Amino acid sequence: MLLNAQALAAERQGRRLWGPLDCTLHAGEALHVRGPNGCGKTTLLRTLGGLRPPLSGRVQRHAPLWSLGHACPLADELGALDNLSTWLDMAGAPPAPDALRDWLRRWSLPARRPVRQLSAGQRRKLHLAPLHLAPRPLWLLDEPFDALDAAGVAWLTEATRAHLANGGGVVLTAHHALPDDFPACTPLDLGASA
Ligand SMILES: Nc1ncnc2c1ncn2[C@@H]1O[C@H](COP(=O)(O)OP(=O)(O)OP(=O)(O)O)[C@@H](O)[C@H]1O
């Protein structure tokens with residue numbers, strides 16, 4: 001088992017968002033968190049990743065994880081190369097320099113230009129790089145398809161398929177329908193926003 005949550009509940013500013021809910025993620029499984037804007041999908045992912053305490057209940061994480069939020073945690077003034085190497089170093093997963101440069105070349109991303117000058121899709125491809133450069137069994141991905149072009153969507157679809165086949169697990173949100181060829185996901189529906 002990669003992840004287990006029991007009787008988990010969350011609130012924002014005194015208002016119950018969701019819960020209590022239980023969820024379990026085993027190796028090879030994917031969970032698609034669904035619901036309207038504001039219902040608490042991001043809050044759930046952050047809670048599962050340990051970035052936010054639950055109102056009640058508990059989460060047990062049994063594997064190293066990448067928790068990639070909706071906003072890219074990139075330093076605007078640094079280039080792609082420095083951003084990725086610093087981020088991965090700090091995460092205890094320093095990448096092989098060649099692999100890092102290959103990733104930038106693959107997407108034609110400039111190594112040195114400040115990332116504030118990159119497009120949203122280019123930034124998304126940087127943001128997703130740890131999944132490729134430093135494999136970890138558990139992926140918590142908040143809107144990972146946002147701003148991605150067709151090649152990026154195809155890559156993420158195939159990377160997820162390989163990840164699950166290798167015993168990984170994924171919890172993700174997506175504002176739109178998942179690609180037709182995306183691996184099967186179990187839906188986790190949150191209620192309407194208040
Ligand atoms: N920092 C914050 N302080 C107070 N309330 C917040 C904060 N962040 C989010 N909220 C509120 O919590 C609720 C859930 O937000 P959350 O971002 O988890 O929803 P979501 O389902 O991911 O939304 P979306 O589909 O728009 O991304 C919303 O009503 C939002 O207004």
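What pattern does the protein chain follow when read along the sequence? In this predicted model, the order is β-β-β-α-β-β-α-α-α-α-β-α-β-β, which comes to 6 helices and 8 strands. The protein chain is also about as compact as a globular protein of its length, because its radius of gyration of 17 Å is close to the 16 Å that the globule rule gives for 194 residues. Laid out along its principal axes, the C-alpha trace spans about 45 × 35 × 35 Å.

As for how the chain packs, buried residues account for 32% of the 194 residues. Sequence-distant pairings are well represented: take the contacts between residues at least 6 apart in sequence, and 73% of them join residues at least 24 apart.

The domain assignment splits things up into domain 1, built from 3–64 + 136–189, and domain 2, covering 71–120. Domain 1 is thus given as two stretches of sequence, with domain 2 falling in the numbering between them. The C-alpha centres of the two domains sit 24 Å apart.

Then there is the nonpolar core. The largest one holds 40 residues, and those with the most contacts inside it are Val33, Leu44, Leu48, Leu126, Trp139, Leu140 and Val171. Both domain 1 and domain 2 give residues to this core, so it lies between them. In soluble globular proteins, nonpolar side chains do tend to be buried together. Leu48 offers a handy look at the local packing: leaving aside residues up to four places away in sequence, Leu48 touches Leu3, Ala5, Val59, Leu140 and Val171. Of these partners, Leu140 and Val171 also appear among the core residues with the most contacts.

Definitions and conventions: Residues numbered from 1 in each chain as written. Predicted model: local features only at pLDDT ≥ 70, side-chain atom pairs only at ≥ 80, totals over all residues. Helix = DSSP H or I, 4+ residues; strand = E, 2+ residues; numbered from the N terminus. Rg over C-alpha atoms; globule rule 2.2 N^0.38 Å. Buried ≥ 20, exposed ≤ 12 C-beta atoms within 10 Å, placed from the backbone. Contact = placed C-beta atoms within 7 Å. Core = buried A, V, L, I, M, F, W, Y, C linked by C-beta atoms within 7 Å. Domains from an automatic or database assignment.
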